[in-house]
Amino acid sequence: MTSSEPPVILWFRRDLRMDDHAALLQAIQTGRPIVCVYIREPLKGNLAIGGAQEWWLHHSLEALNKSLNERGNRLTLASGQASDVLLRIAKETSASCIFFNRHYERDALDLDVASSLRAEGLDVKRFKGQILHNPETMKTGSGGAYRVYTPFWRALERDGDPREPVGAPEAIPAPPHFPKSEELPDWHLLPDRPNWAEEFAELWQPGEAGAMKRLESFLEKPVLTYKKDRDFPGLGNATSLLSPHLAFGEISPARIWHATRGLEATEHVIHFRKELVWREFSYHLLVAFPKLGEKNWNDRFDAFPWTFDEIAFEAWTKGKTGYPIVDAGMRQLWRHGYMHNRVRMITGSFLIKDLMIDWRKGEEWFHDTLLDADPASNAANWQWVAGSGADAAPFFRVFNPILQGEKFDPDGDYVRRFVPEIANLPTKYIHKPFEAPREVLARAGVTLGKTYPNPIVNHAQARDRALSAYAEVTGRS
Ligand code: FAD
């Protein structure tokens, strides 16, 4: 079905879905043909797609195009500055308006794009983005942004459920002529030599269908014990694993929220909603402080004497610190493009406090290697671990990697899975091979310093060093 009216350009970004898509629904309501576009923009920092995410993006764009084809439309791919590309496509298709959803991390950029397109006579409309509540209207009693999570959660509870999600349209009217499109394989988003994403395809199904499957399987079982199991990385699928789908907007948070509405409101279900609201909180923080990924929320940390030891940083990135739980996490990240939340906190604390490396280096590494890298959640969580963020863990809360390992990976299953060279150690030593007697190491086939590293720092000494540095900055002892 085509219409003779000028088409609407629908600009997809990190909202690669059909379901509950505000801009798409509004575009359909105009009754005009729709030109669907994805632009590969030359973005910088955490606005750019990270290395691991390029793999996801490739598959997600394929899935999106398939969904559009099923609805009688198709995706146009183009590279360049958004305003140039959109203007060119508007001329080519005689489109008079451009619709897109809001992405809070790039508000400033989008305002520029919109104003340059408006100057060319185009009608530009922006719709609500990938969060539950509007940060401009959800304010504290004194009219400011929430800076503390618990009152934020309470306000959200008080306000009741977020809006109902709206289902996917059955058809999307096509323009008489599609604009010229680039070819996805020419974007070279998939790694080739070496193919470091080998295991990704076994674990993940990028795209909206994969997101819905994840949600359904999570709601079938893991959600029933979520609160109890979510902290144990060795359990595997105890959490929803929805984060990369959320990061690419393949599912809306409102869809997830309402899906949990059909369940009995147990402590587990409520805890899951609370985690979803941590994501929401991160976005509200980002709107209040757009430099969340670059600057300390608490500027007292600007004077912190970070060090940078390149060898230690590399050992951390490669999972060769000699602390098994840290190494397991960093290797999970590399192999799966994902790391369990508890282990993100442990590895983050290790980088910041044991190695005294600036949290921004960790944030950058995660941005490049996580499939769920998200400008708000990544920045807010790194600042949370560092102690520099809003409502952050106090700096003096230094995670002990041995005790954390023993508590949250009590049988060592997680470590054995990702650090196979020490898998034969008895559980007693799996989180501290450096304390194992020689004969125990020999029986397990471990030679410290050869088959597995000695610890790159002494945790107790490193902790003291970090706390003294902190005391200097804050004047506390
Ligand atoms: P579930 O436990 O099933 O939670 C459901 C959803 O709630 C998640 O998909 C996520 O959207 C949200 N959520 C859960 N925990 C948090 C949290 N602490 N902060 C914000 N949202 C949360 N999450 C990202 O999505 N992207 C990131 O780049 C990111 N970087 C992080 C960096 C560090 C240092 C730390 C400590 C945490 C980071 N997180 C990040 C938060 C968290 O680790 C992941 O959201 C979670 O592990 C994803 O797994 P899941 O989908 O199974 O989560």
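1. In this predicted model, strand E2, which covers residues 34-40, and strand E3, which covers residues 75-79, pair in the parallel sense over 5 bridges. One pair of residues can be picked out by eye, since the bridge partner of Ile39 in E3 is Ala78. Together with helix H2, these two strands make a right-handed β-α-β unit.

2. Helix H2, residues 51-70, also deserves attention for what it gives to the interior, because it supplies 8 residues to the largest nonpolar core, and no other element gives more. That core holds 118 residues, and the members that touch the most other members are Ile9, Leu10, Val37, Leu86 and Ile98. Leu86 is a good place to start looking, as it touches Ile9, Trp11, Ile98 and Leu117, when residues up to four places away in sequence are not counted.

3. Which residues are closest to the ligand? They are Thr239, Ser240, Asn341, Asn378 and Asn381, out of the 27 residues that surround the ligand. The shell divides into 12 nonpolar, 9 polar and 6 charged residues. Four helices each supply at least two residues of this shell, namely H9 (243-247), H11 (267-288), H14 (341-354) and H16 (375-386).

4. Two residues should be checked for their backbone angles, given that most residues other than glycine have a negative phi. His188 is not a glycine, yet it has a positive phi of about 50°, and Leu241, also not a glycine, has a positive phi of about 55°. His188 lies in the loop between helix H5 (149-159) and helix H6 (200-203), while Leu241 is placed in the loop between helix H8 (226-229) and H9.

5. Are these two residues buried or exposed? His188 counts as exposed because 10 other C-beta atoms lie within 10 Å, and the limit for this class is 12 or fewer. Leu241 has 19 other C-beta atoms within 10 Å and is therefore partly exposed, since a residue is buried if the count is 20 or more.

6. A last point concerns Asp464, which is found in helix H20, residues 459-474. Asp464 is exposed because it has 12 other C-beta atoms within 10 Å, a count that still meets the limit of 12 or fewer. The C-alpha atoms of Asp464 and Asp368 are separated by 31 Å, and the two residues are 96 residues apart along the chain.

Conventions: Residues numbered from 1 in each chain as written. Predicted model: local features only at pLDDT ≥ 70, side-chain atom pairs only at ≥ 80, totals over all residues. Near = placed C-beta within 6 Å. Nonpolar A, V, L, I, M, F, W, Y, C, P; charged D, E, K, R; others polar. Core = buried A, V, L, I, M, F, W, Y, C linked by C-beta atoms within 7 Å. Contact = placed C-beta atoms within 7 Å. Pairing = 2+ DSSP bridges. Right-handed = clockwise from strand over helix to strand, strands pointing away.
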